[in-house]
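User: Got a chain to go through with you. Can we start with the sheet?

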Amino acid sequence: MTQGSLMLDSEIRLWIYQHFVDTGRAPSPVEIAAHFQLTPAEVEHRLRRLQEEAAALVLLPGSSYIWMAEPFSAVPTPFLVRSGGGQWWGNCVWDALAILALIGTDGVVSTACPNSGQALVLSVTKGSLADAQRIVHFAVPAREWWRDIGFT
Amino acid sequence: MLLFRSEDDIAAWCEQRHITPGATFDVARLWRLARVWYDDRLNSSWRRRTIQERQAILDAVGLSGSFWRLTDS
């Protein structure tokens, strides 16, 4: 693999992230192909390499569509992030807060207690988290987090 | 991981699903972790952090018990 090819992978990765930031959603493989003037097959190959070799993103199983570019989720989740006129989905509450930190903006994370169903809202104002009384539970030890990325 | 209203809710949720309770901490610590864990993702020179680098971040926010080890060793 040439240095130029790796640089293009890096540019695609960064563009995907900026697309999430700007629009709240992942670009489709066709959109990536159009932007970089690549064939769909080339895009799929590069997305798989970004997943398997760089661990830069996760594709929906059996497809070339992006599922996650952590902390962003391309599919709706129980962790909705809002700021200004924008909204994003986090893969978990950790990722939802990380979206606000990554973008560098104040906002709110909306979710619900999985047991009681009570709505829980976390607010970040001027870079500080308000109402920090809620409890985070990790069901899986850290060494197993990447065994099943959808369940931690 | 999930966000709960209280420790009682975690216990009830785990019991209903026959899940052994894992580890808990307050969301203030999660905010500290969230601010640094992905802070390089919009950098053009991003590369995945090594296990040692990720472990150092967990250690820095006080997550240093065996539950928080990223490797078996």
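Analyst: Sure. Bear in mind that this is a predicted model. In chain A, 8 strands form an open sheet, with antiparallel pairing. The order is S1-S2-S3-S5-S4-S6-S7-S8.

User: Which strands stand at the edges?

Analyst: S1 (58-59) and S8 (128-130) of chain A. Each has a single partner strand, so one side of each is left without a neighbour in the sheet.

User: How many bridges join S1(A) to S2(A)?

Analyst: 2 bridges, and the two strands run antiparallel. S2(A) covers residues 66-69. A:Leu59 stands opposite A:Ile66 in S2(A).

User: And what does helix H1 of chain A lie across?

Analyst: H1(A), residues 3-23, lies across S2, S3 (72-73) and S5 (86-90) of chain A. Its direction is at about 90 degrees to S2(A).

User: Switching to helices. At what angle do H2(A) and H3(A) pack?

Analyst: About 110 degrees, with their axes 9 Å apart. H2(A) and H3(A) are therefore roughly perpendicular to each other.

User: Which residues meet there?

Analyst: From H2(A), A:Pro29, A:Val30, A:Ile32 and A:Ala33. From H3(A), A:Pro40, A:Val43, A:Glu44 and A:Leu47. By class, that contact has 7 nonpolar, no polar and 1 charged residues.

User: Domains next. How is chain A divided?

Analyst: Into domain 1 (3-69) and domain 2 (70-152). Their C-alpha centres lie 23 Å apart. 10 residues of domain 1 are in contact with 11 residues of domain 2.

User: Which element gives the most to the domain 1 side?

Analyst: S2(A), with 4 residues. The residues on that side of domain 1 divide into 8 nonpolar, 1 polar and 1 charged.

Key: Residues numbered from 1 in each chain as written. Chains lettered and ligands numbered in written order. Predicted model: local features only at pLDDT ≥ 70, side-chain atom pairs only at ≥ 80, totals over all residues. Axes fitted to C-alpha atoms, helices over the stretch in contact; angles between N-to-C directions. Parallel < 35°, antiparallel > 145°, perpendicular 65-115°, else oblique. Contact = placed C-beta atoms within 7 Å. Nonpolar A, V, L, I, M, F, W, Y, C, P; charged D, E, K, R; others polar. Pairing = 2+ DSSP bridges. Domains from an automatic or database assignment.
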